[in-house]
Amino acid sequence: MATKVSGDGKKPPTAATNLIAGGGAGMMEALVCHPLDTIKVRMQLSRRARQPGMPKRGFLQTGAEIVRRETPLGLYKGLGAVLTGIVPKMAIRFTSFESYKQLLADKETGVVSGKRTFLAGLAAGVTEAVAVVTPMEVIKIRLQAQHHSMADPLDIPKYRNAAHALYTVVKEEGFGALYRGVSLTALRQGSNQAVNFTAYTYFKEVLMKWQPEYQGQNLPGWQTTLIGLVSGAMGPLSNAPIDTIKTRLQKTPAQEGTSALQRIQRIAADMFRQEGFHAFYKGITPRIMRVAPGQAVTFTVYEYLKDKLEKSGPAVLVGSRYEE
């Protein structure tokens, strides 16, 4: 697989386009898919397998239990943290991916090979993990891990909302706590976006070859949704153990005298010894159900908004490679 820097015949989108289109796509994805992420986090934090005779609880049972005990709003715990970070996250993802593609493209032909697309996606995922995702997820997971009822005003949780959680974590544990698990988050996001962008680019290129009438314009929305869905499912399957360990690491405060690597090793060893190998794949069903349609929504809305923005009239971005 090899593509031009802009494989669909268009020039690369500007940073402003990525900010608006990527941010809009990310907000839509978060609103639609966040309940599945909450269920995934609760399943990853569950210790039920350690208790003899306790039945396994699947994602439907976990979701139903959250709704029963904490009302349907419980499924949206941590959404504030996600919405706060989603615009810069998506803007960074798409802008950095295009930048890395241009950097890695063949200097003479402008062609980006499949391997270089993979590297560009990997670098984009690591960039977003360090810049936005890790602090956002630490706060989100702290909020999602709380088992309080949203309907009972007397059931006051430790963290009242995203801003309060941010303040409390920094006050009690220091600023560095926001970057707990950054290495695992970078590894997860990097592998996710490497697989995601590579698969999406490949599928899009194949569909463009089959349908040359779409060269220089967007594929039909249903086709973008379909290839986004398939490519989005590949990442979680490739890195589920990383995500589970990361979730448990970020849920708890640091321990004095113990390095991050030692904690990761201890969490992994305890999981395997006490819960078995399947524990590393806890929450994989809701994660795929959340990430795959999430990527479908993201790519579909992103391509739609990008197309509308590029056709809407003059736009100038200072410092951009392209000015209209």
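## Contacts, aromatic pairs and a pocket in a predicted model

In the protein chain, 80% of the contacts with a separation of 6 or more are between residues 24 or more positions apart, where contact means heavy atoms within 4.5 Å. This is a predicted model, in which local features need pLDDT of at least 70 and side-chain atom pairs count only at pLDDT 80 or more, while totals for chains, interfaces and linings use all residues. Residues are numbered from 1 along each chain as its sequence is written, and side-chain values use heavy atoms, with hydrogens and water left out.

The secondary structure of the protein chain consists of nine helices and two strands, which follow one another from the N terminus as β-α-α-α-β-α-α-α-α-α-α; helices (H or I, at least four residues) and strands (E, at least two) are DSSP runs, numbered from the N terminus. Of the 324 residues in the protein chain, 51% are buried, a term that stands for under 20% relative accessible area, with exposed meaning over 50% and partly exposed in between (1.4 Å probe, protein chains only).

A pair of aromatic rings is described by the distance of the centres and the angle of the planes. Rings of Phe, Tyr and Trp (its six-membered ring) pair if their centres lie within 6.5 Å, and planes under 30 degrees apart count as stacked, over 60 as edge-to-face and the rest as tilted. Searching the whole structure gives 10 aromatic pairs, and the table sets out two pairs that involve Phe299.

| Pair | Centre to centre | Angle between planes | Kind |
|---|---|---|---|
| Phe94 and Phe299 | 6.2 Å | 85 degrees | edge-to-face |
| Phe197 and Phe299 | 6.0 Å | 85 degrees | edge-to-face |

The pair of Phe94 and Phe299 links distant parts of the chain, with Phe94 in helix H3 (residues 79–104) and Phe299 in helix H9 (residues 284–311), 205 residues apart. The pair of Phe197 and Phe299 also joins distant parts of the chain, since Phe197 lies in helix H6 (residues 182–210), 102 residues apart from Phe299 in helix H9. Phe94 and Phe299 are both buried; Phe197 counts as buried because its relative accessibility is 3%. Ring pairs join Phe94, Phe97, Phe197, Tyr200, Phe299 and Tyr302 into a cluster.

Several of these names return in the largest nonpolar core, which has 19 residues, among them Phe94, Phe97, Phe197, Leu219, Ile227, Phe299 and Tyr302 as those with the most contacts inside it. Such a core is a set of buried Ala, Val, Leu, Ile, Met, Phe, Trp, Tyr and Cys residues joined through side-chain atoms within 4.5 Å. At least two residues of this core come from each of helix H1 (15–45), H3, helix H4 (114–144), H6 and H9, and H3 supplies the largest share, six residues. Apart from residues up to four places away in sequence, Phe97 touches Ile92, Thr117, Ala120, Gly121, Ala124, Phe197 and Thr201.The second largest pocket has a volume of about 260 Å³, the space filled by probe spheres set on grid points joined across faces, edges and corners. On a 1 Å grid over the protein atoms alone, a pocket is an open set of points where a 1.4 Å probe fits, with protein on both sides within 12 Å along at least five of seven lines, and lining residues have an atom within 4 Å of a point. Of its 12 lining residues, Arg47, Arg248, Thr252, Ile267 and Asp270 are the closest to its centre. H8 gives the most to this lining, with five residues.
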